[in-house]
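Got your viewer open? Load the model, switch on side chains, and follow along one selection at a time.

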Amino acid sequence: MAAADHSHNFNLPPGFRFHPTDEELVVHFLHRKAALLPCHPDVIPDLDLYPYDPWELEGKALGEGNRWYFYSRKIDARVTDNGYWNPLGRDDPVLSTATSQVVGMKKYFLFHAAAADPIKTNWIMHEYRLPDAASSSSSSSSSSSSTRSSKRRGRPKRQDYSKWVLCRVYERDEEKEEEEDGAELSCLDEVFLSLEDLDEISLPTRIQ
């Protein structure tokens with residue numbers, strides 16, 4: 001499935017970097033999208049996840065360093081033409097630094113290259129979603145607002161953005177991590193170290 005390169009629509013200005021925390025991704029981007037509010041800067045594009053392998057995201061998602069960001073519809077089967085995203089461990093809550101309340105949920109995925117025996121790669125995805133209560137509230141609010149608006153203007157209903165997630169995809173560089181002495185383990189590293197077959201993860205990431 002081919003797609004046009006729309007990277008010029010969401011490039012950051014020269015000198016700016018996109019390095020948000022989990023809380024910022026959920027509160028300032030995903031929550032606002034669910035509530036149909038404008039995002040500033042409006043740089044994260046909408047992208048269907050399943051047609052693309054992770055190495056195909058460049059030019060389609062917002063790229064910052066070796067990380068790519070995009071919104072995607074909530075789906076159960078996260079399958080591409082050449083593989084699938086397999087969930088890792090349990091979901092982590094995203095907490096507000098001000099109130100310690102749960103503002104979102106974070107799920108981890110590892111990309112497997114499809115073959116007779118699926119091959120684990122170094123491609124990681126963080127998928128952020130709203131808590132169920134917030135999602136339902138945003139859905140009801142946006143649906144009611146959209147219905148009233150469509151009745152007044154005779155226009156089709158707007159999409160329900162509460163059914164979207166925000167994804168961050170990157171390729172894990174184990175060699176670089178090994179060179180960083182004394183670096184603290186991230187939550188994702190702890191998940192990897194809890195896997196019995198950790199040694200099988202560092203495998204070719206592209207399918208010839």
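Start with the cysteines: searching the whole of this predicted model turns up zero disulfides. Select Cys 39 next, and you'll find a buried residue with a relative accessible area of 9%. Then jump to Cys 167, which also counts as buried, at 0% relative accessibility. The cut-off for buried is under 20%, so both 9% and 0% qualify.

Now for the nonpolar interior. Select Phe 18, Phe 29, Ile 44, Tyr 71, Tyr 128 and Leu 166: within the largest nonpolar core, which has 18 residues, these touch the most other members. Colour helix 1 (22–34), strand 2 (67–73) and strand 6 (164–171), the elements that each give two or more residues to this core. Which of the elements gives the most? Helix 1 does, with five residues.

Stay with Tyr 128 and show its surroundings. Leaving out residues up to four places away in sequence, its contacts include Asp 22, Leu 25, Val 26 and Leu 30, along with Val 94, Met 105 and Lys 106. Val 165, Leu 166 and Arg 168 are also among the residues Tyr 128 touches.

Next, pick Phe 70, Trp 85, Phe 109 and Val 165, which are among the 16 residues of a second, separate core.

Last stop: Arg 17, in the segment before helix 1. Is Arg 17 buried or exposed? With a relative accessible area of 64%, Arg 17 is exposed, because the cut-off is over 50%. Draw a distance from its C-alpha to that of Gly 63, 46 residues apart along the chain, and you should get 9.9 Å. Then show Glu 64, whose side chain makes a 3.3 Å polar contact with the side chain of Arg 17.

Notes:
Residues are numbered from 1 along each chain as its sequence is written. This is a predicted model: local features need pLDDT of at least 70, side-chain atom pairs count only at pLDDT 80 or more; totals for chains, interfaces and linings use all residues. Side-chain values use heavy atoms; hydrogens and water are left out. A nonpolar core is a set of buried Ala, Val, Leu, Ile, Met, Phe, Trp, Tyr and Cys residues joined through side-chain atoms within 4.5 Å. Buried means under 20% relative accessible area, exposed over 50%, partly exposed in between (1.4 Å probe, protein chains only). Helices (H or I, at least four residues) and strands (E, at least two) are DSSP runs, numbered from the N terminus. Contact means heavy atoms within 4.5 Å. A disulfide is a pair of cysteine sulfur atoms within 2.5 Å. A polar contact is a pair of N or O atoms within 3.5 Å; within protein, one must be able to donate a hydrogen and the other to accept it, and residues adjacent in sequence count only if both atoms are side-chain atoms.
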